[in-house]
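This report covers two topics: enclosed cavities and aromatic rings. Please look over the sequence and the model before reading on.

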Amino acid sequence: ALDDIKVNSKLTLNLGVRWDLFGHVFDRDNKGSIRTLTFEPGKAQTINGMFVPELIPNPGGNPNLYDINWKQVMPRIGLAYRFSDKMVLRMGSGQYYNAQQINNFQILNLQPPLSGSNVLQNDRVNPLATIDNPFATGGGPAAPTALLMLGNVQPNGRSNFLNNNIWQWTAELERTFGDDFVFGIAYIGNKGSHLDQTVSNFNNPDPGPAAIQGRRPIQFYIDSLSPSVLRPLGTIRYLDSGRSSIYNALQARTEKRFSRGYTFVGSFNYQKSLATGYSVNESGPFASNVPQDPRNIAADRGRFALDQRFRFVFSNVWELPFFRGSAGRTRFFLGGWSINGIVQLTSGFPLTIGQSGDSMNTGSASAPRPNIAPGAVVQRVMEDRTVQRWFNTSAFVRAKCAGCAGDGITTGKGYGNAGVGLIDAPAQKTWDFALFKEFRIRESQRIQFRWEAFNFLNTPQFNAPDITLGDAAFGRITSTITNNREMQFALKYSF
């Protein structure tokens, strides 16, 4: 339901409400290939003092594997207040529920018995696997199985796979000057909750020196096909829907509407975005979408990996007035020229520092971060940075578990204490330029010549530095993120 209410000649309200229902996802061919681990009482068991979840349902069944939200009521409100014929205030807020990624359910078919994989973890203290025999298990039990499960588990043990819940709000003051110039300034914000995240290291142990499998929080599972058989469990890919984000921005915009052959649009954005967790398909270019500590994901809260603090964009089109009123050969060769351009100035994306190897001994799918050296200061933008040393590399030291061999220091449980998004990647400064020439053949026929140059000034746009402690190039920039100047020529015939 949506309605406009004109309170008076200056104030207009827009009120609305929407209700959506997103039903359960089913296996369309009814083969029951979509399966998940469950913690539900009566299915999950306690065996020999250990919690053992169950893999359900039996192939061929198609039950509801999770609970849904029936209360997705979304209010919206907006208002427009006209101070004068040249100035208006617009405000609005609304709530929006959106379905999570459907491929989260598609990958649930990667489970036994129709599919599946195993985890072969070589003991770093007493390794059995070698180059000649990489799958050696020493004659012990079968390799643990890697499984997936729907997250956001409720106290009753069932998953409540929620759709993301987004609140958005905005307030903009817009003012016109003359007949063709517009200026606006706005505050934009949104808050997200129930965002999806794949926690691929959900069953990894905390840092420690002993064998990984014996330290996993959940070491065994049972299958509904044979619930009396205890099976070794390796990694769990936990499809969670409980992450959050917050975004606030100040935006300014200027626009000259097309008149006398010229138009431009300029916009500036000053923002800050914080988040906890990232979708497996939506992480930023220089951050991990896997939490370091799967049982303390809140420790990964920080600058969102796509947070560009400043962004300025200016685009223009100018039809050169020279010789446009001429005729004959003068108009044909010297008239009809125009120039276009796009200038972009942006801050760099946040960088999250990681470390190589597994000095925490937490197993595959881990995303370890280092410690910050005692007394060290990490600057978001280091004053004396160079491409050879973009940030203070000496501010980071390897994190390792207590009792583990090798260099490094141990803090807390053994995880690194360096946060996420501590450093900015290089800023980007580009100017794309185009020169057009239009030849009028007849009244209804034209040929347009186009010369376009991307990164017109051929300014190197540096990529992020190496952000993995332990790499030989740690802290060094070794490439560019965009190409050097590229030019293209084209002819366009219009009739």
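## The largest cavity

Which residues lie nearest the centre of the largest cavity, and how many residues line it? The model shown here is predicted. In this model, Val25, Ile34, Asn62, Pro63 and Leu65 lie nearest the centre of the largest cavity, and the lining consists of 15 residues.

The volume of the largest cavity is about 100 Å³. Its lining is made up of nine nonpolar, five polar and one charged residues. A search of the whole structure gives three cavities of 30 Å³ or more.

## The second largest cavity

The second largest cavity holds about 60 Å³ of space. It is lined by 13 residues, and those closest to its centre are Leu37, Thr38, Leu65, Gly157 and Ser159. Leu65 is thus named for both cavities: it is among the residues nearest the centre of the largest cavity and among those closest to the centre of the second largest.

Two or more residues of this lining come from each of strand E3 (36–38) and strand E11 (145–150). Strand E3 gives the most, with three residues. By class, the lining of the second largest cavity has seven nonpolar, four polar and two charged residues.

## An aromatic pair across the chain

The structure contains 23 aromatic pairs. One of them is formed by Phe396 and Phe474, whose ring centres are 6.5 Å apart and whose planes stand at 80 degrees. What is this arrangement called? The pair is edge-to-face, because planes over 60 degrees apart are counted that way.

The pair links distant parts of the chain, with the two positions 78 residues apart in numbering. Phe396 belongs to strand E24 (residues 396–397), whereas Phe474 is in the loop between strand E28 (468–469) and strand E29 (486–494).

Are these two rings' residues buried or exposed? Phe396 has a relative accessibility of 6%, so it counts as buried. Phe474 is buried too, with a relative accessible area of 13%. The cut-off for buried is under 20%.

## An aromatic cluster and charges over rings

One aromatic cluster is formed by Phe177, Phe181, Tyr262, Phe264, Phe314 and Trp318. Phe177, a member of this cluster, also has Arg175 over its face, at 4.8 Å from the ring centre.

Another ring with a charge over it is that of Phe439. There the charged end of Lys437 sits 4.0 Å from the ring centre.

Note on methods:
Residues are numbered from 1 along each chain as its sequence is written. This is a predicted model: local features need pLDDT of at least 70, side-chain atom pairs count only at pLDDT 80 or more; totals for chains, interfaces and linings use all residues. Side-chain values use heavy atoms; hydrogens and water are left out. On a 1 Å grid over the protein atoms alone, a cavity is a set of points where a 1.4 Å probe fits but cannot get out, and a pocket is an open set with protein on both sides within 12 Å along at least five of seven lines; lining residues have an atom within 4 Å of a point. Grid points are joined across faces, edges and corners, and a volume is the space filled by probe spheres set on the points. Ala, Val, Leu, Ile, Met, Phe, Trp, Tyr, Cys and Pro count as nonpolar, Asp, Glu, Lys and Arg as charged, and the others, Gly among them, as polar. Helices (H or I, at least four residues) and strands (E, at least two) are DSSP runs, numbered from the N terminus. Rings of Phe, Tyr and Trp (its six-membered ring) pair if their centres lie within 6.5 Å; planes under 30 degrees apart count as stacked, over 60 as edge-to-face and the rest as tilted. Buried means under 20% relative accessible area, exposed over 50%, partly exposed in between (1.4 Å probe, protein chains only). A charge sits over a ring if NZ of Lys or CZ of Arg is within 6 Å of the ring centre and within 35 degrees of the ring normal.
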